[in-house]
Amino acid sequence: MQKVAKQTSHCSLGPYWKNKLTKKKLAAYQASEWGGELKKKVEEERVLISGQAVLVFEGEAFFDHQSISV
């Protein structure tokens, strides 16, 4: 859950820095135990995040009797 919260922060801060720096493409550093560099592209309603990733967990979630693999 902690990693999801950090990515949410990047999505929230993307539009702020886009307006502040007047740039749609941004670079960021994730300062945490997993750490790493990532790139963000801020579009109209989305923030696209790219970079290297490592599979931390795998699971399955159930919503309204439908299964979604994670």
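A salt bridge is a side-chain nitrogen of Lys or Arg within 4 Å of a carboxyl oxygen of Asp or Glu. I am starting my notebook with that rule, and I should say at once that I am looking at a predicted model.

**Entry: the salt bridge**

I searched for salt bridges and the count came to one. It joins the side chains of Lys-41 and Glu-43, with N to O at 3.8 Å. That distance passes because the cut-off is 4 Å. Next I looked up how open the two partners are. Lys-41 has a relative accessible area of 33%, so I noted it as partly exposed. Glu-43 comes out at 31% and is partly exposed too.

**Entry: the overall plan**

I then stepped back to the chain. How many helices and strands does the chain have? I found one helix and five strands. Reading from the N terminus, I wrote the order down as α-β-β-β-β-β.

I also looked up how much is hidden. The chain has 70 residues, and 14% of them count as buried. For its accessible surface I noted about 6,300 Å², with carbon and sulfur atoms holding 54% of that. Last for this entry, I checked contacts between residues at least 6 apart in sequence: 24% of these join residues at least 24 apart.

**Entry: Lys-40**

Here I picked out a single residue. Lys-40 sits in strand β2, which covers residues 36-42. Is Lys-40 buried or exposed? I found that it is buried, and that it has no salt bridge. The nearest side chain of opposite charge belongs to Glu-37, and I noted 13 Å between them. A salt bridge needs the atoms within 4 Å, so that pair does not qualify.

I was curious which residues Lys-40 touches, leaving aside those up to four places away in sequence. My list has His-10 and Gly-14, then Lys-24, Lys-25, Leu-26 and Ala-28, and finally Val-47, Leu-48 and Ile-49.

**Entry: the aromatic pair**

My last search was for aromatic rings that pair, and the structure holds one such pair. Tyr-16 and Trp-17 are the partners, with their ring centres 5.0 Å apart and 85 degrees between the planes. I wrote it down as edge-to-face, because planes over 60 degrees apart count that way.

I checked how open these two residues are as well. Tyr-16 has 44% relative accessibility and counts as partly exposed. Trp-17, with a relative accessible area of 37%, is partly exposed.

Technical notes. Residues numbered from 1 in each chain as written. Predicted model: local features only at pLDDT ≥ 70, side-chain atom pairs only at ≥ 80, totals over all residues. Heavy atoms only, no water. Buried < 20%, exposed > 50% of the residue type's maximum accessible area, 1.4 Å probe, protein only. Helix = DSSP H or I, 4+ residues; strand = E, 2+ residues; numbered from the N terminus. Contact = heavy atoms within 4.5 Å. Areas by Shrake-Rupley, 256 points an atom, 1.4 Å probe, with all protein chains shown as cover. Lys, Arg positive; Asp, Glu negative; His and termini not counted. Phe/Tyr/Trp six-rings, centres within 6.5 Å; stacked < 30°, edge-to-face > 60°.
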